[in-house]
Amino acid sequence: PSSTDQSTSPSIAALKSLLTTTLRITTTDNRVFIGTFMGTDQLLNIILVNTEEYILGNEASRFVGQVMLPWRLVLHVEAFDQQSTSNGKAKDDKSLY
C-alpha cells in the first residue's frame, strides 16, 4: 500500500482525532504523565506537551513540559475530553490501550 492509503486508514484517522486531546499515560516504571497529545514519531513514541509527571503512590507532581514517551514503556493510555477533565473521568469512561 502507498503512503496515501495509510493516511486514510481508520487507525490513522482515530489517531489524528486525538491530536490536542489530554492524555493520561501510565508507564511500566510506575509513573503517570498527563499532557496534551501532539503526535507520534516514526517509531510510535508518544509526544506530549504541557505535561505533569506523577509517581504512583506519591501525591506530588512536577511539570516536565514537552516529553517523548517510548512506546515500549507505555502500559496504559486514557484520553480526556475538555468536559470530562473537570470531573476526572476518561472520555467515554474507556481507556485507549
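Mentor: Accessible areas are computed here by the Shrake-Rupley method with a 1.4 Å probe, and for a residue only the protein chains shown count as cover. By that method, this predicted model exposes about 6,600 Å² of surface. Carbon and sulfur atoms supply 54% of that area.

Trainee: What percentage of the residues in the protein is buried?

Mentor: A residue is called buried when its relative accessible area is under 20%, and exposed when that value is over 50%. Buried residues account for 30% of the 97 residues in this protein.

Trainee: In what order do the elements run from the N terminus on?

Mentor: The protein has two helices and five strands, and their order along the chain is α-α-β-β-β-β-β. Contacts add a view of how sequence and space relate. Of the contacts between residues at least 6 apart in sequence, 30% join residues at least 24 apart.

Trainee: How should the order of the strands in the sheet be read?

Mentor: Strands count as paired when DSSP finds at least two bridges between them, so the order follows from tracing each pair in turn. Here the five strands form an open sheet with the order β4-β3-β2-β1-β5 and antiparallel pairing. β4 (61–69) and β5 lie at the edges with a single partner strand each, so one side of each has no neighbour in the sheet. On average, neighbouring strands of this sheet are turned by 30° against each other, direction ignored.

Trainee: Which strands pair with β1, and over how many bridges?

Mentor: β1 (residues 22–27) is a mostly covered strand, with five of its six residues buried. On one hand, β1 is joined to β2 (residues 31–40) by five bridges, in the antiparallel sense. Within this pair, Ile 25 has Phe 33 as its bridge partner, and Leu 23 stands opposite Gly 35. On the other hand, β1 pairs with β5 (residues 74–80) over six bridges, again antiparallel. There, Arg 24 has Glu 78 as its bridge partner.

Trainee: What joins the side chains of Glu 78 and Arg 24?

Mentor: A salt bridge is assigned when a side-chain nitrogen of Lys or Arg lies within 4 Å of a carboxyl oxygen of Asp or Glu. The Glu 78 and Arg 24 side chains meet in such a bridge, at 2.8 Å from N to O. The pair links distant parts of the chain, since Glu 78 in β5 and Arg 24 in β1 are 54 residues apart. Glu 78 counts as buried because its relative accessibility is 14%, whereas Arg 24, at 26%, is partly exposed.

Trainee: How many salt bridges does a search of the whole structure find?

Mentor: The search finds four. Among them is the one between Arg 31 and Asp 29, whose closest N and O atoms are 2.9 Å apart. Both residues are partly exposed: Arg 31 has a relative accessible area of 24%, and Asp 29 has 37%. Another joins Glu 53 to Arg 62, with the closest N and O atoms 2.5 Å apart. Glu 53 is buried at 7% relative accessibility, while Arg 62 is exposed at 52%. Through salt bridges that share partners, Asp 29, Arg 31, Glu 53 and Arg 62 belong to one network.

Trainee: What is the phi of Asn 30 in the turn of the hairpin?

Mentor: A hairpin is best read from its two strands and the residues that connect them. β1 and β2 form one with three residues between them, and Asn 30 in the turn has a positive phi of about 65°. Asn 30 is partly exposed, as its relative accessibility is 45%.

Trainee: Which residues are in contact with Asn 30, leaving aside its neighbours within four places in sequence?

Mentor: They are Tyr 54, Ile 55 and Leu 56. A C-alpha distance complements this list: Asn 30 and Gly 57 are 8.6 Å apart in space, although 27 residues separate them in sequence.

Trainee: Which residues form a nonpolar patch on the surface?

Mentor: For such a patch, residues need over 30% relative accessible area and no salt bridge, and nonpolar side chains are joined within 5 Å. Here the patch consists of Leu 43, Leu 44 and Trp 71, with about 370 Å² of accessible area together. Leu 43 belongs to the loop between β2 and β3 (46–55). Its relative accessible area is 59%, so Leu 43 is classed as exposed.

Terms used: Residues numbered from 1 in each chain as written. Predicted model: local features only at pLDDT ≥ 70, side-chain atom pairs only at ≥ 80, totals over all residues. Heavy atoms only, no water. Buried < 20%, exposed > 50% of the residue type's maximum accessible area, 1.4 Å probe, protein only. Helix = DSSP H or I, 4+ residues; strand = E, 2+ residues; numbered from the N terminus. Contact = heavy atoms within 4.5 Å. Axes fitted to C-alpha atoms, helices over the stretch in contact; angles between N-to-C directions. Patch = residues over 30% accessible without salt bridge, like charges linked within 9 Å, V, L, I, M, F, W, Y side chains within 5 Å.
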